[in-house]
Amino acid sequence: MAEKYGEIPPRFTRAWWNYFWYYYKWRVVITAVAVLIAVVTIVQCVNRPRYDMTVIYAGHMNYSEKETERLTELLNGYITDIDGNGKPSVDFQRMMFSGAVGNEEYDYAMQTKVDMSFTEKAAAVYLMDKEEAELYLNRDSVADAFTDTSIYAADTDAEVLKSEDGVGYAVDLSGSAVLEENEIYNDDLYLLVRRYDGDGDETAEIYKDALNIAKELIK
């Protein structure tokens, strides 16, 4: 019988396999690649480490691996085991800007990444340099994004950055004793706590731990 792709040999004969591979090999390859990608993605999701909270650094300082390890270990001691896996754990993400001429596209992509982090409910504490913190304080939506510092830093002598409405949202960590003791860069570092919207028990626990981190770091 004549078909679109010529006469089809009897199925599963050598001629049929040659015919099949000749006409359908790219469909097979594309399907195989799609299946492989799907499997890899599923495996990565299953094996991906689980964290109780995400702390994000957004600024122009390049934190070393050792500083990152020390800070992560420090922050782990200030939170609870929300997911119940037996170990409190913070995912410390570094989103570092270049600021150099010619790297504008990279910095734009990094800023987009910081903005996208607000879609993650576990992202509760932000550490920013002054330039980045002021960028957010100048946005109309700052009150919807961050917690008023009077809730967790009412008695601090540290500098508090305020928005145009006079509300403070960022606390200077340059005098943080615990950061200095652990040799973690804090010269141009401000802390902001994500606002809690009351959308679940787990988010409430994350927010509670975020406030605890803030209180410990500004001592």
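Is E159 buried or exposed? E159 is partly exposed, at a relative accessible area of 35%; buried means under 20% relative accessible area, exposed over 50%, and partly exposed in between (1.4 Å probe, protein chains only).

This is a predicted model, in which local features need pLDDT of at least 70 and side-chain atom pairs count only at pLDDT 80 or more, while totals for chains, interfaces and linings use all residues. Residues are numbered from 1 along each chain as its sequence is written, and side-chain values use heavy atoms, with hydrogens and water left out.

Keep E159 selected and add K130. The two form a salt bridge (a side-chain nitrogen of Lys or Arg within 4 Å of a carboxyl oxygen of Asp or Glu), with their closest N and O atoms 3.5 Å apart. K130 lies in helix α4 and E159 in the loop between α5 and β6 (160–162), so the pair ties together parts 29 residues apart in sequence. Helices (H or I, at least four residues) and strands (E, at least two) are DSSP runs, numbered from the N terminus. K130 is partly exposed, at 29%.

Next, select R139 and D115. Their side chains meet in a salt bridge at 3.2 Å, N to O. R139 sits in the loop between α4 (130–137) and α5 (142–145), and D115 in helix α3 (residues 104–116), so this contact joins parts 24 residues apart in sequence. R139 has a relative accessible area of 31%, and D115 one of 29%.

Then go to D144 and R195, a salt bridge at 3.4 Å, N to O. D144 is in helix α5 and R195 in the loop between β8 (190–193) and α7 (201–217), 51 residues apart. D144 is exposed at 54%, whereas R195 is partly exposed at 37%.

The structure holds five salt bridges, including these.
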